[in-house]
Amino acid sequence: MRQWIYVGAVVFCVALAACSGDKPKELLEIAEFEERQHNVEHAKQLYEELVRLHPSSPQAETARARLAPLNQTR
């Protein structure tokens with residue numbers, strides 16, 4: 001049951017992100033959600049994608065800051 005709640009939450013966040021026009025903000029919100037759900041590998045991928053696609057955005061600064069401690073846990 002818990003897995004279905006998690007899957008539903010991820011689907012909801014992805015659908016919500018698709019409705020907005022602010023891609024850096026969307027990526028950051030989804031990455032933060034994944035990190036809160038302890039899905040660290042996916043959160044890292046999203047943070048890295050944000051930095052790669054939108055390097056000068058304010059959200060990229062946040063993503064870089066979040067990546068530093070996550071990359072130390074490898």
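## Exercises on a four-helix model

H38 is exposed, and its relative accessible area is 70%. The model is predicted. Work through the exercises with the structure in view.

**Exercise 1. Place H38 in the chain and describe its phi angle.**

*Solution.*
- Step 1: Find the neighbouring elements. H38 sits in the loop that links α2 (23-36) to α3 (40-53).
- Step 2: Read the backbone angle. Phi of H38 is near 65 degrees.
- Step 3: Look at the sign. The value is positive, and H38 is not a glycine.
- Step 4: Set this against the general rule. Most residues other than glycine have a negative phi.

**Exercise 2. Count the helices and strands of the protein and write its pattern.**

*Solution.*
- Step 1: Count the elements. The protein has four helices and zero strands.
- Step 2: Follow the sequence. The pattern reads α-α-α-α.
- Step 3: Add the burial. The protein has 74 residues, and 32% of them count as buried.
- Step 4: Add the surface. The accessible surface is about 5,100 Å². Carbon and sulfur atoms hold 59% of that surface.
- Step 5: Check the contacts across the sequence. Take the contacts with a separation of 6 or more; 38% of them join residues 24 or more positions apart.

**Exercise 3. Decide how α2 and α3 are oriented: parallel or antiparallel?**

*Solution.*
- Step 1: Take the geometry. The two axes come within 8 Å and cross at roughly 160 degrees.
- Step 2: Apply the cut-off. An angle over 145 degrees counts as roughly antiparallel, so α2 is roughly antiparallel to α3.
- Step 3: Give the hand. The crossing of α2 and α3 is left-handed.
- Step 4: Sort the residues of this contact. They are nine nonpolar, one polar and four charged.
- Step 5: Name some partners. On the α2 side they include P24, L27, L28 and I30. On the α3 side they include H42, A43, L46 and Y47.

**Exercise 4. Classify I30 and E35 in α2: buried or exposed?**

*Solution.*
- Step 1: Locate I30. It lies in helix α2.
- Step 2: Compare I30 with the cut-off. Its relative accessible area is 14%, under 20%, so I30 is buried.
- Step 3: Find the distance from I30 to L46. The two are 16 residues apart in sequence, and their C-alpha atoms are 7.6 Å apart.
- Step 4: Turn to E35. This residue is also found in α2.
- Step 5: Use the cut-off again. E35 has a relative accessible area of 17%, under 20%, so E35 is buried too.
- Step 6: List the contacts of E35. Leaving out residues up to four places away in sequence, E35 touches A43, Y47, R66 and L70.

**Exercise 5. Describe how α3 meets α4.**

*Solution.*
- Step 1: Locate α4. It covers residues 58-72.
- Step 2: Take the geometry. The axes of α3 and α4 come within 9 Å and cross at roughly 140 degrees.
- Step 3: Give the hand. This crossing is left-handed.
- Step 4: Sort the residues by class. The contact of α3 with α4 has eight nonpolar, two polar and four charged residues.
- Step 5: Name some partners. Among them are V40, K44 and Y47 in α3, and Q59, A60 and A63 in α4.

**Exercise 6. Place T73 and give its distance to V40.**

*Solution.*
- Step 1: Place T73. It belongs to the segment after α4.
- Step 2: Apply the cut-off. T73 has 59% relative accessibility, over 50%, so T73 is exposed.
- Step 3: Give the separation from V40. T73 and V40 are 33 residues apart along the chain, with C-alpha atoms 9.8 Å apart.

Methods. Residues are numbered from 1 along each chain as its sequence is written. This is a predicted model: local features need pLDDT of at least 70, side-chain atom pairs count only at pLDDT 80 or more; totals for chains, interfaces and linings use all residues. Side-chain values use heavy atoms; hydrogens and water are left out. Helices (H or I, at least four residues) and strands (E, at least two) are DSSP runs, numbered from the N terminus. Buried means under 20% relative accessible area, exposed over 50%, partly exposed in between (1.4 Å probe, protein chains only). Contact means heavy atoms within 4.5 Å. Accessible areas come from the Shrake-Rupley method with a 1.4 Å probe; for residues, only the protein chains shown count as cover. Axes are lines fitted to C-alpha atoms, for helices over the stretch in contact, and angles run from 0 to 180 degrees between N-to-C directions. Angles under 35 degrees count as roughly parallel, over 145 as roughly antiparallel, 65 to 115 as roughly perpendicular and the rest as oblique. A crossing is left-handed if the near helix is turned anticlockwise from the far one by less than a right angle, and right-handed if clockwise. Ala, Val, Leu, Ile, Met, Phe, Trp, Tyr, Cys and Pro count as nonpolar, Asp, Glu, Lys and Arg as charged, and the others, Gly among them, as polar.
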